[in-house]
Amino acid sequence: MRRGNIIKLVVLVLLVAAAVGLSIKPLVDPVGGIPLGLDLRGGVHLVLQAEQDKDGTAITKDDIDKAKAIIENRVNDLGVSEPIVQADYNKERIIVDLAGVTDPDKAVDILKTTAKLTFKDPQGNVVLQGEDLKDAKAGQSQSQQGYVVNLTFSSEGAKKFGDITTQLIGQRIGVYLDEDLLTNPTVNTPILNGQAEITGYSTLEEAAGDAVLMRSGSLPVSLSIAEKRQVGASLGVDSLNKSIHAGIYSLIFIFLFMLIYYRLPGVVADFSLIVYALIVLWAFWGFRVVLTLPGIAGFVLSIGMAVDFNIIIYERVKEEIRAGKSIRAGVESGFSRAFITVIDAHVTTLIAAITLYLLGSGSVKGFALTLGIGIIVSLFTAITFTRQVLRWTVGINPKMKTFWFGVRGDV
């Protein structure tokens, strides 16, 4: 039994060490790792102000909601990692945080462009609109040099486009985006399959930019830049380094405290804390949690709470041992009796985290999300993982001195 427990513990330590070593690179990778927020990675903070039309039509909440949804689609098409898009209905604004953006001016132009797509006949009459468009994708021209935007119309739009191209054979159809002429091709044959091609782009990026605007739809209101603030990457790196150092120092202090005060259970708690941190970081990676400074604060706070749960359990174990129970019985009884207290503490804090997430916004949500994930994972490590490791440890020598559990030897 003793030998079996030693083997289990050695294998577990080796597995955890291997998992830590293999996790460092994928978790911190700039591309595929845990995404960093604007305050850590740098980027651009935008405030887009909705403007009334010339006819004085009032801007409604529905207009802001539609504009927000279109902005989100455009941001996603830009490939920005985990953007934050919020609506301020009182001031008729849309607030956008784009982390890691290297060309903020280009992003601004794409986001605020109203992007009304129209097809006009030679007399300037609108014969087709962007609402009839199903998809738009950039690509390389198959028939000539350069790049194109391939259009796919909806079923109704395809019928309209087929009728129009049948009527206008030998004539030109102008394709406009916000009254700017994109291309003015001549109709040679009727196009009945709902597919069209806009040519004349010199770069793939230029074609892709227009494709994003076309498929995301036109904004219901015009937007102007009320505020544009760029966060430098150097500031983000400095903030990240300070946060990492603060986290490391807190971990060292916690490790030493648990080791000195609780001795053998403290070693188990420190080991469990490593497993806890590993699971939480992989959870951040899996759920694509954007890590910001408040998010790091939530993570560090959850570490402290995870240790606090161990302290509650260990104090109960010490009470059971002082009452005359053996170490093995004290461990089992201590975990069982502390279970309700630990659950209560988890649930109440989790309710607070959920409330902050549902009612908060931006960095408050980030803090609540990292705290909530940390609470759930700490429940697993405190109740299951730590308990099992402590069982194996006690199983090596059930008659070890109570001193190793922080209890005086004469008890």
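Student: What percentage of the chain over residues 366-385 is helix?
Tutor: This is a predicted model in which local features need pLDDT of at least 70, side-chain atom pairs count only at pLDDT 80 or more, and totals for chains, interfaces and linings use all residues. Residues are numbered from 1 along each chain as its sequence is written, and side-chain values use heavy atoms, with hydrogens and water left out. Helices are DSSP runs of H or I with at least four residues, strands are runs of E with at least two, and both are numbered from the N terminus. Over residues 366-385 the end C-alpha atoms are 27 Å apart, strand makes up 0%, and helix makes up 100%.

Student: How far apart are the end C-alpha atoms of residues 335-360?
Tutor: In the unreviewed UniProt entry, residues 335-360 and 366-385 are among the spans annotated "transmembrane region"; such annotations, given in the numbering used here with feature names shortened, may be inferred rather than shown by experiment. The span 335-360 is 96% helix and 0% strand, and its end C-alpha atoms are separated by 35 Å.

Student: Are α9 and α11 roughly parallel or roughly antiparallel to each other?
Tutor: Their axes are 8 Å apart and the packing angle is about 30°; axes are lines fitted to C-alpha atoms, for helices over the stretch in contact, and angles run from 0 to 180 degrees between N-to-C directions. Angles under 35 degrees count as roughly parallel, over 145 as roughly antiparallel, 65 to 115 as roughly perpendicular and the rest as oblique. The two helices α9 and α11 are therefore roughly parallel.

Student: What is the orientation of α8 to α11?
Tutor: The axes of α8 (residues 264-286) and α11 (residues 363-396) come within 8 Å and cross at roughly 140°. The relation of α8 to α11 is therefore oblique.

Student: How many charged residues does the contact of α8 with α11 hold?
Tutor: Contact means heavy atoms within 4.5 Å, and the residues that meet include F271 and Y276 in α8, and F380 and F385 in α11. Ala, Val, Leu, Ile, Met, Phe, Trp, Tyr, Cys and Pro count as nonpolar, Asp, Glu, Lys and Arg as charged, and the others, Gly among them, as polar. The contact of α8 with α11 has 16 nonpolar residues, seven polar and, of charged residues, no.

Student: How many charged residues are in the contact of α9 with α10?
Tutor: Helix α9 (residues 293-322) packs against helix α10 (residues 327-359) at about 145°, with the axes 7 Å apart. By class, this contact has 12 nonpolar residues and six polar, while the charged residues number three.
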